[in-house]
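Visitor: Could you take me on a close look at one helix pair, and then at what follows it along the chain? I would like the details residue by residue.

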Amino acid sequence: MWDNAPLLRSISSALVSFSVLAMLYGALDYTVHLPRLLPIKNVKLSAVPERVVAEEVLARVKSEVRGNFFTVDIEHLRKSLETLPWIRHVGIRREFPDSLVLEFEEHQPLARWNDAALVNVQGEVFEAETRQELPQFIGYAGSSAEMVQQYAKFSRQLAVLGLKVTQLALSPRHAWQMHLSNDMAVELGRAALQERLARFVAVYPYSLGEMRETTSLPGNTSMTGQKLKVDYVDMRYRNGFVVRMRHGNA
């Protein structure tokens, strides 16, 4: 081997090339890590946010960004920004030579969650403040996504009556109850939810929405009087339902 001059020349050339490449890589790595080389000077928002406070975003960027255009930790910055109120997801890209462009996906609130947080349309619980009028969800940990799905189904069924769900509750035993925009509570229980609500929708215009007090008179006659207001309907019965009522002016 040591007598093979061509082989030795090839090895020597390869070592020289490798050394040169290593030196170039080291120099390039050193150069791009220089803080003064292409520092981040601008932060741009791809669109005007609806709920996210731009000043809070810029303050967070200022406190979190380290390094220059090449070395800034995009993933660290993204995770930090996603802890701010109303931010569900952040996309970040570099724009040569000195800018970062931020694109936000904001939470779209659907309901309030246990008087302590909010639920978005994807069924995720997040913390933020809003004065927007929203239905109330009362559930247990991990149930928010299922409640969003059932809320959508219930809302579609009730739309024909012009009623809305103002409160939806799911117990740890997986029993459902809802309060409607007419101040009526409806008990659905744990099974056959859509079927039970369909029965409620079917009978509501003819009975639950028009109940009146009946007074017995002499001669086996009766008189229909003051309208009664239904407070509560239990739809868990196979062939009927139970109601609790009060006078309409009570």
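**The H2–H3 packing and the hairpin after it**

Guide: Happily! Helix H2 (residues 54–64) and helix H3 (residues 74–81) have axes that cross at roughly 140 degrees and come within 10 Å. Axes here are lines fitted to C-alpha atoms over the stretch in contact, with angles from 0 to 180 degrees between N-to-C directions; helices (H or I, at least four residues) and strands (E, at least two) are DSSP runs numbered from the N terminus. This is a predicted model, with local features needing pLDDT of at least 70, side-chain atom pairs pLDDT 80 or more, and totals for chains, interfaces and linings using all residues. Residues are numbered from 1 along each chain as its sequence is written, and side-chain values use heavy atoms, leaving out hydrogens and water.

The crossing of H2 and H3 is right-handed (the near helix is turned clockwise from the far one by less than a right angle). From H2, Val57, Arg60, Val61 and Glu64 meet His76, Leu77, Ser80 and Leu81 of H3, with contact meaning heavy atoms within 4.5 Å. By type, the residues of this contact are 4 nonpolar, 2 polar and 2 charged; Val and Leu count as nonpolar, Arg and Glu as charged, and His and Ser as polar.

Now to the strands. Strand S2 (residues 87–95) pairs antiparallel with strand S3 (residues 99–106) over 8 bridges, where pairing requires at least two DSSP bridges. Isoleucine 87 has glutamate 106 of S3 as its bridge partner. With 3 residues between them, S2 and S3 form a hairpin.
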